[in-house]
Amino acid sequence: MIRKLKVDFFKVVLPDETLHSFEDILNAVHVSPNDDTRNATKNACPFRLQKSRKIEDCWKGEMMRIRMDQLPIKAKLSGDVSSIDLEDDEGIGEETAFLYHVPTKVLAIQRNRYGVSAGVFAWYFEEKGSVDSIELQPILQKDGLQRLANIKDVRKLSLNIAGVENMTAFKGLGKGVKSMLSLIDQFKSPNLMLTFSMGKRQGSLKWVKNFAQSFVKSNQQGENSIHKFEISGKTEDGEKSVLDLIEYRMVEEIEVQLKSGRTISSSEREYAVEKAFSSRKQELLEMFSGQ
């Protein structure tokens, strides 16, 4: 059986005043006791660094989400069902593979809607590293970066988001946005479409970038919910330009041949992330070496 796994790429950024690097934080958790003290709990769900190791200039590992409630049941094709017999300290483990490349500070992480999202990954190491903020900035492909750099005058920002439940990313963006979110909540809409007209606001491109990073970091459901993130503006020559950041975001889809039944093994997840990183390594070195 063949499965396709998607791998997303992020630049890991810590505040300038942080005394330790992300590698320091990752290593500190790596050498900590591999027991329940390694867990960090969010919304009654434990998350943990399940395993990790450093090979040359890369850290490779797996994060785990442990579902302790709202557990599934066992079902036969005939319709017969039965409960999954678990002890009080047991749950359902959902694993997510990752690779962190130290020289470029790039994280490649498996996309797993049931596992650990990029936002939760950052939150976990914030908790364990006692740092105020770890930003995972989505990486654009080189041609997307060039197009973004050519936009000098941002006029409009449009978002299309499905299944919005966590609204914290929109805090502080103005009363108008707050009113729109109230309407979305009132009518229980499954989709949110927002359009911001930037007008002549100074520094609008920087605001757009900060907004994008804030949303991805706060969106604990995972980045799949963002269907469109479109910037409209003009280049230095006055030409109109429209750029969808989702379309140009760096993502790899890797085919994996399952060797053991219906479960993706740890080695298969690791293979997918390693292959995804290898296919983009040269591009990433050109973009981030020396930073």
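A polar contact is taken here as a pair of N or O atoms within 3.5 Å, where one must be able to donate a hydrogen and the other to accept it. In this predicted model, one such contact, at 2.8 Å, ties the side chain of glutamate 252 to that of arginine 280. The side chain of glutamate 252 also has a polar contact of 3.4 Å with the side chain of serine 279. As for where this acidic residue sits, glutamate 252 belongs to strand β14, which covers residues 251-257. Its relative accessible area is 17%, so glutamate 252 counts as buried, the cut-off for that label being under 20%. Leaving aside residues up to four places away in sequence, glutamate 252 touches Leu5, Lys6, Val7 and Phe9, along with Ala276, Ser279 and Arg280. Both partners in the polar contacts, serine 279 and arginine 280, thus turn up again in that list of neighbours.

Stepping back to the whole chain, the protein comes to 7 helices and 14 strands. Of its 291 residues, 44% are buried. Contacts between distant parts of the sequence are well represented: taking contacts with a separation of 6 or more, 68% link residues 24 or more positions apart.

Next, the helix pair. Helix α1 spans residues 22-30 and helix α2 spans residues 118-129; the two pack with their axes 10 Å apart and at an angle of about 75°. That angle makes α1 roughly perpendicular to α2, because anything from 65 to 115 degrees falls in that class. On the α1 side the contact is made by Phe22, Ile25, Leu26 and Val29, and on the α2 side by Phe121, Tyr124, Phe125, Lys128 and Gly129. By type, these residues split into 7 nonpolar, 1 polar and 1 charged.

Asparagine 27 is also part of helix α1. With a relative accessibility of 33%, asparagine 27 counts as partly exposed. Its C-alpha atom is 8.9 Å from that of serine 52, although the two residues are 25 residues apart along the chain.

Two loop residues have backbone angles worth a look. Glutamate 56, in the loop between β3 (45-55) and β4 (58-67), has a positive phi of about 55° despite not being a glycine. This residue is exposed, at a relative accessible area of 73%. Lysine 105 tells a similar backbone story, with a positive phi of about 60° although it is not a glycine either. The loop that holds lysine 105 runs between β7 (92-101) and β8 (106-110). Here the relative accessible area is 36%, so lysine 105 is partly exposed.

That leaves the cysteines. Cysteine 45 counts as buried, at 9% relative accessibility, and cysteine 58 is buried too, with a relative accessible area of 7%. A disulfide is a covalent bond between the sulfur atoms of two cysteines. Searching the whole structure for such bonds turns up 0 disulfides.

Key
Residues numbered from 1 in each chain as written. Predicted model: local features only at pLDDT ≥ 70, side-chain atom pairs only at ≥ 80, totals over all residues. Heavy atoms only, no water. Axes fitted to C-alpha atoms, helices over the stretch in contact; angles between N-to-C directions. Helix = DSSP H or I, 4+ residues; strand = E, 2+ residues; numbered from the N terminus. Parallel < 35°, antiparallel > 145°, perpendicular 65-115°, else oblique. Contact = heavy atoms within 4.5 Å. Nonpolar A, V, L, I, M, F, W, Y, C, P; charged D, E, K, R; others polar. Buried < 20%, exposed > 50% of the residue type's maximum accessible area, 1.4 Å probe, protein only. Disulfide = S-S within 2.5 Å.
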